[in-house]
Amino acid sequence: MHDVDSILSTIFHLPSFRPRQREIITDVLAGRDALVVMPTGAGKSLCYQLPAVALRGLTLIISPLISLMTDQVRQLRDLRIPAMMLTSGQPREEQRAVMDRMRDGFRGLLFVAPERFAAPGFQAIITSRKLSLLAIDEAHCISQWGHDFRPEYLRLGEVRQQLGDPLTVALTATATAQVRQDIVRSLRLKDAAIHVTGFDRPNLRYQSITFRKAKDKQDELVDYLRRRKTGGIVYCSTRKQVEMVTDLLASELRGRPIVAYHAGMDPEARQTNQQRFIEHEEAIVVATNAFGMGINKPNLRYVVHFNLPGSLEAYYQEAGRAGRDGKSAECILYFAAADVMTQKFFIDKIGDGNSQLARRDIGPLQRRATQQLDAMQRYARWERCRRHQILEYFGENTAPVDCHCDVCVASAGAGVPLRAGPPRELVYVREDDVREDAEHEAYSARRVVTSRKTTVRKSPPSATRTAVRGKALSSPHDSKTTAKKSVRAPSEKINAEQVGVRYGNAVAVRFQRLRALRLQLTKQLHRLPFQVLHDSTLIELARQRPRTMRELMKIGGIGEKKAEQFGAALLKELAKD
Ligand code: ADP
Ligand code: MG
């Protein structure tokens, strides 16, 4: 019997297990393979580290990134647990020393990348040793349906067999059933215990803002960050965007440490920037999806996605880096039609320069990526509890309670749920900021995009350069109230979604709240809505957010009389955000 509690306190210096850790560890120590699916930051590492210590033999950990390994090895050594890593980044002598220690019967944790099995010598040494435990971290990289697919991970099933089917733990934060299935099948796990812990992160406040013009994001971001004192992450989908946003913030937020991070930078600069980010409380990092794995900064109060990511898996993993300490944090997504173009561009590029991917696999991969992108878009545009959407996507069907996402906050303000129909797909035209410099490091970190390909899908219906189409959605709430009254002013045709598309979700949400207020006033005064205030006036109020009576009276449609009648109530409502 292993005394897991005493190992936890005496070796790991931790007071108690987090939810499910004990169960998983006990299972593993009983000799059962395990697939562990837990959200980022939940504490997956302990699920193999503690058994590794308890078993006292050699544990081999497969990890996709050197930065992840470095972090783990350092933390383990701080705890005086024997740990080493073997990577192509180490000097030759160091690699040789690690191999020597392996030959001498090293007991402890050895971290390697999956590519290591192709290196001469390593295979021979590792197969000559008996493993107590094999851990596959970030195991979703095995799945071609995952957002981080690595062809080298595909070989791990074979490797595992060569190692004599050792006790195995696979760990990931990606929970979709398809990915889980792929992991089990690919690693040839038999009778593995599958541990899936909840994905709900009640402390995260989700928000999605739709921009009609991609350029408007810049003002919103600067405005947002000015109001935040602490540091955070701003994710962009391309290197070009990272550079643009870094420059923007450096000039607009003088004095704040702003660092960039993407795979096109040289490793030294990346390392320096990452270090600056970790060390400075107020540092803001502007990065592509190359950034974040293995970053241990639990008190991040916000993660902003300046562009739409390719999938909800990717989004949740990145956004989930906020608020790991369990305290309230914001996950904000900026959405514009141009983002979809960028992602479609990446999808078109799947398979380019990746010789390990068979031709016949490319079509299905692209189809799957398109579905994932559709789901991501739906999340961004559907005015339905965002937390619920995320949980549903990961297979959890409980409706969250006490949610603070933008949709829930708005509908609480309006006293009614916002609309619940999924948005139709957008039709896009090419935008200037989609270029061949686009990168998607999740698909291939080393790929060089060579071909110049135009991604125009549809011509715009008019001379307009950018068109956002798709049936404008009317709110069931709106149509119900107006239908009942059977009298409606022409302006009543405007709905929150249209306002959102035009002015962004923040304005739409405010508009919706003002409407709810108007409804109250309408009832109190026995008037019709448009006799109280026109929709166009409400939109102006939502956009300009007057703070004083003077400012209020500058809004078209508000004269002295209306200011006197409704001014106080309107200002009170507008002061809420
Ligand atoms: P994951 O791999 O699931 O993203 P990690 O294993 O990196 O998460 O753990 C995230 C953080 O939680 C680390 O700082 C780790 O030390 C901490 N942690 C893990 N288990 C516990 C525990 N039982 N009690 C306190 N902290 C823990
Ligand atoms: Mg981890």
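Rings of Phe, Tyr and Trp (its six-membered ring) pair if their centres lie within 6.5 Å; planes under 30 degrees apart are stacked, over 60 edge-to-face, and the rest tilted. This is a predicted model, in which local features need pLDDT of at least 70, side-chain atom pairs count only at pLDDT 80 or more, and totals for chains, interfaces and linings use all residues. Residues are numbered from 1 along each chain as its sequence is written, chains are lettered from A and ligands numbered from 1 in the order in which they are written, and side-chain values use heavy atoms, without hydrogens and water.

**Exercise 1.** Determine which residues form one aromatic cluster with Phe211, and classify the pair of phenylalanine 306 and tyrosine 334.

*Solution.*
1. Phe211, Phe306 and Tyr334 make up one aromatic cluster.
2. The ring centres of phenylalanine 306 and tyrosine 334 are 6.0 Å apart and the planes stand at 55 degrees, so the pair is tilted.
3. Phenylalanine 306 and tyrosine 334 are both buried (under 20% relative accessible area, with exposed over 50% and partly exposed in between; 1.4 Å probe, protein chains only).

**Exercise 2.** State where lysine 217 lies relative to phenylalanine 306.

*Solution.*
1. A charge sits over a ring if NZ of Lys or CZ of Arg is within 6 Å of the ring centre and within 35 degrees of the ring normal.
2. Lysine 217 is placed over the face of phenylalanine 306, 5.3 Å from the ring centre.
3. Likewise, the charged end of lysine 297 sits over the ring of phenylalanine 277, at 4.2 Å from its centre.
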